[in-house]
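Visitor: I'd like to learn how to read salt bridges in a protein model. Can you walk me through some?

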Amino acid sequence: MKNAELDQLTDEELALAAESNPDAIYILIGRYTRFIRWKASQLSGTAEADDLAQEGFLGLLSAVAGFDRMRKIKFYTYASTCIVNRMLTLIRSSRRN
C-alpha cells in the first residue's frame, strides 16, 4: 500500500496496518505529534516537556502494538490513554527521585 493510500485510512485501520507496514506507524506518529507535544507542555513542571513528549511517543507505539479492534473502542481513545499514562508515570517517578 502506498503512503497516499495509507493517508486515507482511519487511525484504527492504520493501527492494524502497522503490523505489516511500518509506513502506517509513521503516518500515525504524524497525526499524533501535535497532541503529544500539547499534552507534554500541559503536564510539564516536574519533568521536562521534551522528556514527556518522548514518553508520549513511546505510549503511542505501545498503543499501536496493543490495539484490539474487537473491543469496539476508537484508536484515539485508547492511544490518548496510553500516551497520558506514560507521561504520568514519568512525572510520578521523577517526584520520587
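**Reading the salt bridges**

Guide: Sure! This model is predicted. Start with arginine 31 and aspartate 11, whose side chains form a salt bridge at 2.6 Å, N to O. Arginine 31 sits in helix α3 (residues 22-43) and aspartate 11 in helix α2 (residues 11-17), so the pair, 20 residues apart, links distant parts of the chain.

Visitor: Is aspartate 11 buried or exposed?

Guide: The general idea is that a residue is called buried when its relative accessible area is under 20%. Aspartate 11 has 15%, so aspartate 11 is buried. Its partner, arginine 31, has 33% and counts as partly exposed.

Visitor: How many salt bridges turn up in the whole structure?

Guide: A search finds three. Another one joins aspartate 50 and arginine 37, at 3.8 Å from N to O. That pair also ties distant parts of the chain together: aspartate 50 belongs to helix α4 (residues 49-66), arginine 37 to helix α3, and they are 13 residues apart.

Visitor: Why is aspartate 50 called exposed?

Guide: Exposed means over 50% relative accessible area. Aspartate 50 comes in at 57%, so the label fits. Arginine 37, at 45%, is partly exposed.

Visitor: And which residue does glutamate 55 pair with?

Guide: Glutamate 55 meets arginine 86 in a salt bridge of 3.0 Å, N to O. Here helix α4 holds glutamate 55 and helix α5 (residues 75-96) holds arginine 86, with their positions 31 residues apart in this long-distance link. Glutamate 55 is buried at 18% relative accessibility, while arginine 86 is partly exposed at 31%.

Methods: Residues numbered from 1 in each chain as written. Predicted model: local features only at pLDDT ≥ 70, side-chain atom pairs only at ≥ 80, totals over all residues. Heavy atoms only, no water. Salt bridge = Lys/Arg side-chain N within 4 Å of Asp/Glu carboxyl O. Helix = DSSP H or I, 4+ residues; strand = E, 2+ residues; numbered from the N terminus. Buried < 20%, exposed > 50% of the residue type's maximum accessible area, 1.4 Å probe, protein only.
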